[in-house]
Amino acid sequence: MTSKEIIEPTALDQIIIASIILLILNGSPFFFEYILRKNRSKLDEAAIKEKYGELYLGLKPKKKGVVHYSFVFMIRRSLFIAITFALFDQPGIQIQVMIYMTIWYIIYLGYADFFETKGGKILEIFNESVFILI
């Protein structure tokens, strides 16, 4: 046995499958944004809450910014993954970009006025602040 790695070229089907998964996962925030925008006037109705209520759980459905909250959250998570892969060889820059994104997200949460309770907003900001410290 040898410790030498055998590097084989990636098969085309593996590239296609990975690309499809990447497109679906990174396209999902746009899909959820579309669903919430389409049903914006009816977000408070029981039937819509039953279908899509998890997308804005703990948020005031009648507030204008609630439609963007899930989108911003999911885009940020997608960017974390993209940054991890794109800056794999530069971990210092990778961490800095992630910290800057988290700071901007905390600022966004500070201005957000669509949480049902003040405690929910404080908890969300606290969670993101602890994330920076880790």
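In this predicted model, Glu-128 is a residue of helix α5. Glu-128 is buried, because its relative accessible area of 5% falls under the 20% cut-off. Leaving aside residues up to four places away in sequence, Glu-128 touches Arg-76, Arg-77, Thr-102, Tyr-105, Ile-106 and Leu-109. A look at Asn-127, which also lies in helix α5, makes a helpful companion to this picture. Asn-127 has a relative accessible area of 39% and is therefore partly exposed, a class that lies between 20% and 50%. Although 21 residues separate Asn-127 from Ile-106 in sequence, their C-alpha atoms are 9.6 Å apart in space.

Two of the residues touched by Glu-128, Arg-76 and Arg-77, lead on to the pairing of α3 with α5. Helix α5 covers residues 118–133, and its axis and that of α3 come within 15 Å, with a crossing angle of roughly 10 degrees. The two helices are therefore roughly parallel, the term used for angles under 35 degrees. On the α3 side the contact is made by Tyr-69, Arg-76, Arg-77 and Phe-80, and on the α5 side by Glu-124, Glu-128 and Phe-131. Sorted by character, these residues comprise three nonpolar and four charged ones, with no polar residue.

Helix α3 also meets α1. The axes of α1 and α3 come within 9 Å and cross at roughly 180 degrees, so α1 is roughly antiparallel to α3, as angles over 145 degrees are classed. From α1, the contact draws on Leu-25, Asn-26, Ser-28, Pro-29, Phe-30, Phe-32, Glu-33, Leu-36 and Arg-37. Their partners in α3 are Val-66, Val-67, His-68, Ser-70, Phe-71, Met-74, Ile-75 and Ser-78. Here the residues divide into 10 nonpolar, five polar and two charged.

Helix α1 itself deserves a closer look. With 27 residues, from 12 to 38, α1 reaches 38 Å from its first C-alpha to its last, close to the expected 39 Å at 1.5 Å a residue. Along its course, α1 has a kink of about 40 degrees at Ser-28, shortly before the proline Pro-29. Both Ser-28 and Pro-29 are among the α1 residues that meet α3. Pro-29 is also one of the buried residues of α1, together with Glu-33, Ile-35 and Leu-36. The cover over these buried residues includes α3 (66–86) as well as α2 (46–52).

Key. Residues numbered from 1 in each chain as written. Predicted model: local features only at pLDDT ≥ 70, side-chain atom pairs only at ≥ 80, totals over all residues. Heavy atoms only, no water. Helix = DSSP H or I, 4+ residues; strand = E, 2+ residues; numbered from the N terminus. Expected span 1.5 Å × (residues − 1). Bend = angle between axes of the 7 residues up to and from the residue. Buried < 20%, exposed > 50% of the residue type's maximum accessible area, 1.4 Å probe, protein only. Contact = heavy atoms within 4.5 Å. Axes fitted to C-alpha atoms, helices over the stretch in contact; angles between N-to-C directions. Parallel < 35°, antiparallel > 145°, perpendicular 65-115°, else oblique. Nonpolar A, V, L, I, M, F, W, Y, C, P; charged D, E, K, R; others polar.
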